[in-house]
Amino acid sequence: MTDYDHLAARLRDGGHDVDAVEQALAALEIETPSWGYGDSGTRFATFQQPGRPRDVFERLDDAAETHRLTGTAPAVALHFPWDAVDDLAALRGHASERGLRIGAVNPNLFQDPDYKLGSITHPDARVRRKATDHLLECLQIATELGSTAQSLWFADGTNYPGQDDLVGRRRRLLEALGEVYAALPGEQELLVEYKLFEPAFYATDLADWGSALLVCQKLGERARVLVDLGHHAQGTNVEQIVALLGEEDRLGGFHFNNRKYADDDLIVGSVNPFELFLIFCELAGSDRPLPRLTIDQAHNVEAKVEAMVLSVVNLQEAYAKALLVDREALAAAQARGDVLAGHGALLDAYRTDVRPLCAKVRAGLRAAEDPVAGLRASGYAARIAEERGATAAVAGGWGR
Ligand code: LRH
Ligand code: MN
């Protein structure tokens, strides 16, 4: 009897519909970020890695390798202008030839010098016009790439009290997003990402879930909130925010990563796997379809493709464990106020070694039973290092 046979037998004895769990796992779709394969660093340094992708086409090649090995990473989120090309049809073709589709489009309004004091919230109407025009351009880019989502994050904020009028900035933000929402093509949705701080260190214009939710409710039904796991104050109960936004039907998606201190953008599940499990418990316990599941990470010292592969595996395992929660036992314990029986129902699922189940599902998808081992055995890293040539240590900054 294989590890899988033992596990499946035990789960069936426990009343679990193993086939349903495997079907749900096989249907999981993760979006990996093009920028997660490229150079990234901190303000101190960016260490280029051998085999670094030199353009968006090679970033897609690395994403295809992640999907080949994991079976559940068929989409790639893009960032503009980091991923800008003259021929969008060629880019779309390059992706589909590799079994990929283009995921969310992320407009970049945080690097252009004109946006020092803000983009759509900037005091100067000309700067706001420029920023809004970039957002409108990204609607068109998404249409040409077959993308169905605009994923909006604004670095907009202030560093000192008195630097700008907080209410004035709010009105400017709503005015610009109102124009964008009015132009939103029917097949696209708007994802609004919030972040507590950085690069702004006094007031961020979209600082928390409530601020983002209010904006979405003002815009319309196709505007939902995006939860980046690294964008909260220490101690924030993220799974509770997920539950609340889901209940309001305003949970549009995630940027999965992990943090110990601030927006560390580490591998999802590498610091707090229990939190990730609890987030998936809220998703698996909801009767709504899964929202967009995107990874948003910066692999500053670790091998980038392997980091992405491990991230997808961690997400598969967190979802598998959440699908194994005995919902009847949990509800019964909660109804009778049996605190630790309720907690125990979650611990039972969390403590289940789901690796044999995930391996079997991946094999069924003609992916690797052990993707990380598969990547190392494939020689992919050495091959791209050979093909893509030399690297260098460059000053701070990232994304390309
Ligand atoms: C901001 C953020 C945002 C992206 C960027 C790469 O911290 O999470 O989602 O645009 O990282
Ligand atoms: Mn993010």
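The shell around ligand 1 is a mix: five of its residues are charged, four nonpolar and three polar. Here Ala, Val, Leu, Ile, Met, Phe, Trp, Tyr, Cys and Pro go down as nonpolar, Asp, Glu, Lys and Arg as charged, and the others, Gly among them, as polar. This is a predicted model, in which local features need pLDDT of at least 70 and side-chain atom pairs count only at pLDDT 80 or more, while totals for chains, interfaces and linings use all residues. Side-chain values use heavy atoms, leaving out hydrogens and water, residues are numbered from 1 along each chain as its sequence is written, and chains are lettered from A and ligands numbered from 1 in the order in which they are written.

The shell holds 12 residues, each with a heavy atom within 4 Å of the ligand. The closest are H79, E193, K195, D228 and D296.

Now for the polar contacts (pairs of N or O atoms within 3.5 Å). D296 puts a polar side-chain atom 2.8 Å from an oxygen of ligand 1, and K195 has one at 3.0 Å from a ligand oxygen. For H231, a side-chain N or O atom sits 3.2 Å from an oxygen atom of ligand 1. On its own, ligand 1 exposes 300 Å², and the protein buries 96% of that (Shrake-Rupley areas, 1.4 Å probe).

What about disulfides, meaning cysteine sulfur pairs within 2.5 Å? The whole structure has zero. For C138, the nearest cysteine sulfur belongs to C216, 18 Å away. C138 counts as buried (under 20% relative accessible area, 1.4 Å probe, protein chains only), because its relative accessibility is 0%. C358 is in no disulfide either, with the sulfur of C281 nearest at 14 Å; C358 is buried too, at 2%.

How values were computed: A polar contact is a pair of N or O atoms within 3.5 Å; within protein, one must be able to donate a hydrogen and the other to accept it, and residues adjacent in sequence count only if both atoms are side-chain atoms. A disulfide is a pair of cysteine sulfur atoms within 2.5 Å. Buried means under 20% relative accessible area, exposed over 50%, partly exposed in between (1.4 Å probe, protein chains only).
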